[in-house]
Amino acid sequence: MTETKLDPHNLRDTFSAYPTGIALTAGHLNGTPAGMLTNSFSTVSLDPPLISISFAKTSTTWPTLQQLPQLGVSVLAADDLETANLLRRATQDRFNDVTYTAHDGGALTLPGAAAHLIVEPHDTIEAGDHIIALYRALDHHRASDAQPLVFHNSSIRPLAA
């Protein structure tokens, strides 16, 4: 089979046609928050309860997150748009003016999120320029009345009815 080199910019544009949820994957190391917005969060299995998140190998946040025994994954709600914009800032400013809950074990969650999970590392898989990290869910919560925030066409926005 002949391999065709695809233009990464055009491919990213094509990928952006698929709307995804937006989640904060975060933890705290010695009381210092670390985390990043991810749209690669996906459910994997109910038994055992597994999720996956993909991290770019060039991520400067992933090396910190992979050290933690537990992480929090907060699925952002439509009401979290302002928080999402704050969390898009540079690493050193990312959590300034953001309200979060630090859990024992290192997980960090957003109190107003549509849902959150407390997870622990399960496995990692190298996949091209990313690492696919599998996590086992230890605890979870859902705000059943929350409307989702989505990532579509390279923008974060509430889901329109």
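Contact here means heavy atoms within 4.5 Å. I am working on a predicted model.

**Entry 1, Y135.** I looked up what Y135 touches, leaving out residues up to four places away in sequence. The list holds P49, L50, I51, I53 and F55, then W62 and L71, and finally V119, E120, P121 and H122.

**Entry 2, the core around it.** I then asked which residues touch the most other members of the largest nonpolar core. They are F55, W62, L65, V73, V119 and Y135, out of 17 residues in that core. Three of these, F55, W62 and V119, are also on the contact list of Y135. Next I noted the elements that give two or more residues to this core: β3 (32-38), β5 (49-56), α2 (62-65), β6 (71-75), β9 (115-127) and β10 (130-142). The biggest contribution is from β10, with 4 residues. I also found a second core, separate from this one, with 15 residues; I22, A84, A113 and L149 are among them.

**Entry 3, a small set of strands.** L149 led me to β11, which covers residues 149-152. Which strands form the open sheet with β11? The order is β1-β11-β12, 3 strands with antiparallel pairing. β1 and β12 are the edge strands with a single partner each, so one side of each has no neighbour in the sheet.

I went through the pairings one at a time. β1 (residues 20-21) is joined to β11 by 2 bridges, in the antiparallel sense. Across that pairing, G21 stands opposite V150. Between β11 and β12 (residues 155-158) I count 4 bridges, again antiparallel. L149 has P158 of β12 as its bridge partner.

The hairpin of β11 and β12 leaves 2 residues between the strands. I checked the backbone there and found that N153 takes a positive phi near 50 degrees.

**Entry 4, the whole chain.** I recorded 3 helices and 12 strands for the protein chain. Its radius of gyration is 16 Å, and the globule rule gives 15 Å for 161 residues; the two are close, so the chain is as compact as a globular protein of that length. The C-alpha trace spans about 50 × 35 × 35 Å along its principal axes.

I looked at burial next: 36% of the 161 residues are buried. The accessible surface comes to about 9700 Å², and carbon and sulfur atoms hold 51% of it. Last, I took the contacts with a separation of 6 or more and found that 63% of them join residues 24 or more positions apart.

Terms used: Residues are numbered from 1 along each chain as its sequence is written. This is a predicted model: local features need pLDDT of at least 70, side-chain atom pairs count only at pLDDT 80 or more; totals for chains, interfaces and linings use all residues. Side-chain values use heavy atoms; hydrogens and water are left out. Two strands pair if DSSP finds at least two bridges between them. A nonpolar core is a set of buried Ala, Val, Leu, Ile, Met, Phe, Trp, Tyr and Cys residues joined through side-chain atoms within 4.5 Å. Buried means under 20% relative accessible area, exposed over 50%, partly exposed in between (1.4 Å probe, protein chains only). The radius of gyration is taken over C-alpha atoms; the globule rule is 2.2 Å times the number of residues to the power 0.38. Accessible areas come from the Shrake-Rupley method with a 1.4 Å probe; for residues, only the protein chains shown count as cover.
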